[in-house]
Amino acid sequence: MEGYHDGVLFGLSLVGVAWYVSLWSLGLLGCWAARRRYRLRPRSPLSTATSAPGVSILRPLKGLDTNLYENLESTFQQEYPKYEIIFSVAEANDQAHPIVRDLMSKYPRVNASIIVGEEVVGVNPKVNNLIRSYRQAANDILWVLDSNVMVHPDTLARSVDALEGPPPPGSPPSRRKIAVVHHVPFAISKEAKLGSRMEEAFLNTNHAKMYIAINTVAVDSCVVGKSNLYRRSDIERVNGSLKPLSTQCVGPDDPIERGLPAFGRFLAEDNMIASALWHELGLRHDLSCDVVRNVVGNMTLSDYVWRRVRWIRVRKHMTFVATLLEPFTETIVLSIIGALSFRYLFAFPPWITLPLHYTLWLYVDLDVYTSLAGHPLPPSIRWEFLAAWAARELLALPIYLFAVFGDEVVWRGNRYQVLRNGEVKRASPNQFRWPWRFMSKSSTDHYDLVPQTSD
C-alpha cells in the first residue's frame, strides 16, 4: 500500500513538473513574442499610398464612455487614403450623439456619418446597433471598433497590411488566408480606485502575455473584440455553428441565417465571429503590431470582480475544458504545484522555489508591459500598480470559484442566462436573486463584455 501511495505521488509530481514547465514556456513565449512584435512598429507603406483597399470603420455607441471624445477622434486621424466612418446609436437622444456631431464638424474632410436607430436581430444590443451600419458600409473590409478604445494614426494602415498583404518570407504554400486582424487591449488607469488599477494590471501583464502566446501558437481561435478587422464577404458565409462549411447545407433552402444577424444570439459575438471564420471557413487570424488603448474609468473593486465573473461564465460555455484548467494557469496555484512537485522529486525547499517563482513571474509580466507601452512602468504609479497586480493574483482563484458554478450574467442592467456555445436568453425576473439586484444597480458597462480575452 505504501508503495502504491509513493507511486501515485511520484506520478502526480511528474505531471506537476510537466505542467509547471509548460506554463512557464507559454509565458516566456508570450514575453518573447511581445518583444518581437511591439517594440518596433514600422510605418506602413499604405500610410502614404495614393490608393489602397477601402475600409469602413464601424463604431457602435452607447452613452458616455470614459475618454469618449479622444477615443472617437482617433478614428478621424487615421493616416490612410480611403476609409469611411459610420457611427451608430440606438436612440437619437443618446449622449454620444452630440459628440459625434462635434467631431464631424471638426473634421469635415473625413467621410463620416451617423446612423440613428437599431434593428433587433437578437438579444445582443451591440449587434442590433451594428446591423444597419454593417449593411450600409461601402467597403468589404470592416473595422469594428468599440467606443471605449483609441488607436494610433498608423493602426488602420498596418492592420490592412496584415489582412491583405503577402505572407511573410518562408511561409508554406498551404498557409491559410487571414480573415481577422485583431489588437491587444492596453489599459490606462487615470483613477486611483483599486478596481481600476487591478484592471490595468491584469490587462497589461498576465492577460496580454497569455493572449499573445496563444495567438503565436495559433492552434485555435482566440480573439478579443475591442478592435477587429475582417471582410464582410467572409462574414456573410458563416452562421456561428462552428461546423465546416463543407458539411453544412448551403443554398436557398438553408434554414440557418448567415452574416452578422446570425450572431445576435450570442453575448460574446466578437469571439464567436472569429471562431466561425476559423472553424467554418478554415481561415486564420493575425495580430498587427498595434495596441488599442482603453482608458479605464472609475472602477471599484466590486466592478472589477463582477466583470471577471461575467468573463468566466461566458467562457465556460464556449471553451469548457480551457475554463476548467484556468485556475491552474494562475501564478499562485501554479507556484504551489511547482513547489510541491520540486520538493518531492528533487528535495528542493519551497522557501526557495516560491520567492524565485514570484520574482521571475513579476519580471516577465513587467517586461510584457514595457513591450506594449513602449516604456517601462512609470515610477509615479509603480507601487500602486504592483499592489494591484498582487491583489489581482490573490483574488483570481476566489473569483473563479464563485463564477464557475453560475450561469447568469448581468449586462447593462439586463440579466441573461448563458446557454451552450455562449448563446443567451433573458432570465426571468422572479429568479432575480440579491447578488444580481446589486449588480444591476452598480453595473456601468456599455457594449463591452468579453475578450477575451477583455472586457
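## A quick look at Phe-10, its patch and a small sheet

Let's start with one residue: Phe-10 is partly exposed, with a relative accessible area of 43%. That value earns the label because partly exposed covers the range between 20% and 50%. Keep in mind that this is a predicted model. From Phe-10 we'll go to the surface patch it belongs to, and then over to a sheet of three strands.

**The nonpolar patch**

- Phe-10 sits in helix H1, which spans residues 2-38.
- Together with Val-8, Leu-9, Leu-12, Leu-14 and Tyr-344, Phe-10 makes up a nonpolar patch on the surface.
- Add up the accessible area of these residues and you get about 520 Å².
- Which helix gives the most to this patch? That's H1, with five residues.

**The sheet**

- Strands in a sheet pair up through backbone hydrogen bonds, and they can do so parallel or antiparallel.
- Here the sheet is open, its strands come in the order E8-E9-E10, and the pairing is antiparallel.
- Why do E8 (408-411) and E10 (424-426) each have a side without a neighbour in the sheet? They stand at the edges and each has a single partner strand, so one side is left free of a neighbour.
- Going from one strand to the next, the twist averages 35°.

**Zooming in on E8 and E9**

- E8 and E9 (residues 414-418) run antiparallel and are joined by four bridges.
- To spot one of the partners, find Trp-411: its bridge partner in E9 is Asn-414.
- Helix H9 (residues 301-316) packs on the sheet and touches both E8 and E9.
- The direction of H9 makes about 130° with that of E8.

How values were computed: Residues numbered from 1 in each chain as written. Predicted model: local features only at pLDDT ≥ 70, side-chain atom pairs only at ≥ 80, totals over all residues. Heavy atoms only, no water. Pairing = 2+ DSSP bridges. Helix = DSSP H or I, 4+ residues; strand = E, 2+ residues; numbered from the N terminus. Axes fitted to C-alpha atoms, helices over the stretch in contact; angles between N-to-C directions. Contact = heavy atoms within 4.5 Å. Patch = residues over 30% accessible without salt bridge, like charges linked within 9 Å, V, L, I, M, F, W, Y side chains within 5 Å. Areas by Shrake-Rupley, 256 points an atom, 1.4 Å probe, with all protein chains shown as cover. Salt bridge = Lys/Arg side-chain N within 4 Å of Asp/Glu carboxyl O. Buried < 20%, exposed > 50% of the residue type's maximum accessible area, 1.4 Å probe, protein only.
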